[in-house]
Amino acid sequence: MKPLQVPAAGFRRIAVLRLSSLGDVILTLPVVHALHRAYPGARIEYWTREEYGDVLRFDPAVGHVRALERDAMRIEDLVSMSAELEECDLIVDLHGSARTRVLTFRQKGRVLRAPSSRVRRLRWVHARWSSPAAAAPTAERYARSLAPLSIATHGAPRMTCGGEAEAWADAWIARRGFDRPVAIAPAARHATKQWIESSWIEIADRLGKKGIPVLAFSLAREKPTFGALAAAIERRAEGAWLCESLPRMAALLSRCRAAVTCDSGLMHLAAARALRVVALYGSTVPELGFAPQGEGHAVLCRHEPCQPCTLHGRERCPLGHFRCMTGITPDEVWSALAVDVPAAR
Ligand code: SF4
């Protein structure tokens, strides 16, 4: 890749673009931090959809979050917003979508992009007979966008959640008296990425018998999907279901001993708060590039012959048996969770 000429005084204003989704935005954090280390005098602005702005809002490396409203994503809106990027002397487009190409079209500043792994990922779904290699971890792929600057990223993504959220989490834990709970995040955007509710209940029950508190995390709209699990958790004194803001969930996650999650944004959030994660894969596989980043995580994936059947998830198993998830047993999850082992890292 051709090296990029850096202005003598360094960059003044850098924009990083990743509009969605939660996991992807979290996985861009090492790039943001590497840019900040390399150009401490530059103002870094991050462009993302408003619901993900809190991933960046409290990060000392980020000078400004440009939050895009959900209903302001038409082409004409983006053309008009692109004028705000004219003062940037460097733009790092980590989305590479039609929308970010509109935003970055004809900008004076140099635009860097991450290489795409879409073809390889599609081979995993539609042409496994061609024996595709695993896609590079997405955080690593994003890091490659900085190659023309000879800048390297360091370590796994880490998210800052701000003083208010940290104080709130301290007060919450003190009020409930929970000692290093286990976090669970049973929901995912697509049904085929969710583990079986009765299996979640079994894990919650086993934790209860050991006297370990359980904290379930989800969006408010996701909780009713797991009515029986919510009831099982909330009838215990040492159990709670939280549908809080992203910074508050992040703050509370880092006070847990471990997390069990599906392949979801909350999996990446837990890992970005230095929590050991047990990640359960249904209709996707970690080889698509979205395994939790960092050391010590456990990934449970059956690699059924039909798996992965989708890049992002489906509303139901097209084969009806849903073996990718029904085949993951509570015993396997319990063993991977290893709650008898001290979990602080
Ligand atoms: S069992 Fe196979 S076909 Fe069904 S959702 Fe899982 S991966 Fe897809």
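This briefing covers a parallel sheet, two helices beside each other, and a ligand site. The model is predicted. Its open sheet has 6 strands, paired in parallel, and 14 residues surround the ligand.

**Sheet**
- The strand order is β8-β7-β6-β9-β10-β11.
- The edges are formed by β8 (239-242) and β11 (298-300); each has a single partner strand, so one side of each is left without a neighbour in the sheet.
- On average, neighbouring strands of this sheet are turned by 15° against each other, direction ignored.
- Strand β7 (residues 214-217) runs parallel to β8 and is joined to β8 by 4 bridges.
- Within this part of the sheet, A216 stands opposite W241 in β8.

**Helices α8 and α9**
- Helix α9 (residues 227-234) lies across β7 and β8, and runs at about 135° to β8.
- Helix α8 (residues 197-209) packs with α9 at an angle of about 10°, and their axes are 9 Å apart.
- Because angles under 35 degrees count as roughly parallel, α8 is roughly parallel to α9.
- On the α8 side, the contact is made by E197, W200, I201 and A204; on the α9 side, by A228, L229, A232 and I233.
- By class, the residues of this contact are 7 nonpolar and 1 charged, with no polar residue.

**Ligand site**
- Of the 14 residues that surround the ligand, the closest are C306, Q307, C309, C317 and C324.
- The shell around the ligand divides into 7 nonpolar, 5 polar and 2 charged residues.

Methods:
Residues are numbered from 1 along each chain as its sequence is written. This is a predicted model: local features need pLDDT of at least 70, side-chain atom pairs count only at pLDDT 80 or more; totals for chains, interfaces and linings use all residues. Two strands pair if DSSP finds at least two bridges between them. Helices (H or I, at least four residues) and strands (E, at least two) are DSSP runs, numbered from the N terminus. Axes are lines fitted to C-alpha atoms, for helices over the stretch in contact, and angles run from 0 to 180 degrees between N-to-C directions. Two residues are in contact if their C-beta atoms, placed from the backbone, lie within 7 Å. A residue is near a molecule or strand if its C-beta atom, placed from the backbone, lies within 6 Å of it. Ala, Val, Leu, Ile, Met, Phe, Trp, Tyr, Cys and Pro count as nonpolar, Asp, Glu, Lys and Arg as charged, and the others, Gly among them, as polar. Angles under 35 degrees count as roughly parallel, over 145 as roughly antiparallel, 65 to 115 as roughly perpendicular and the rest as oblique.
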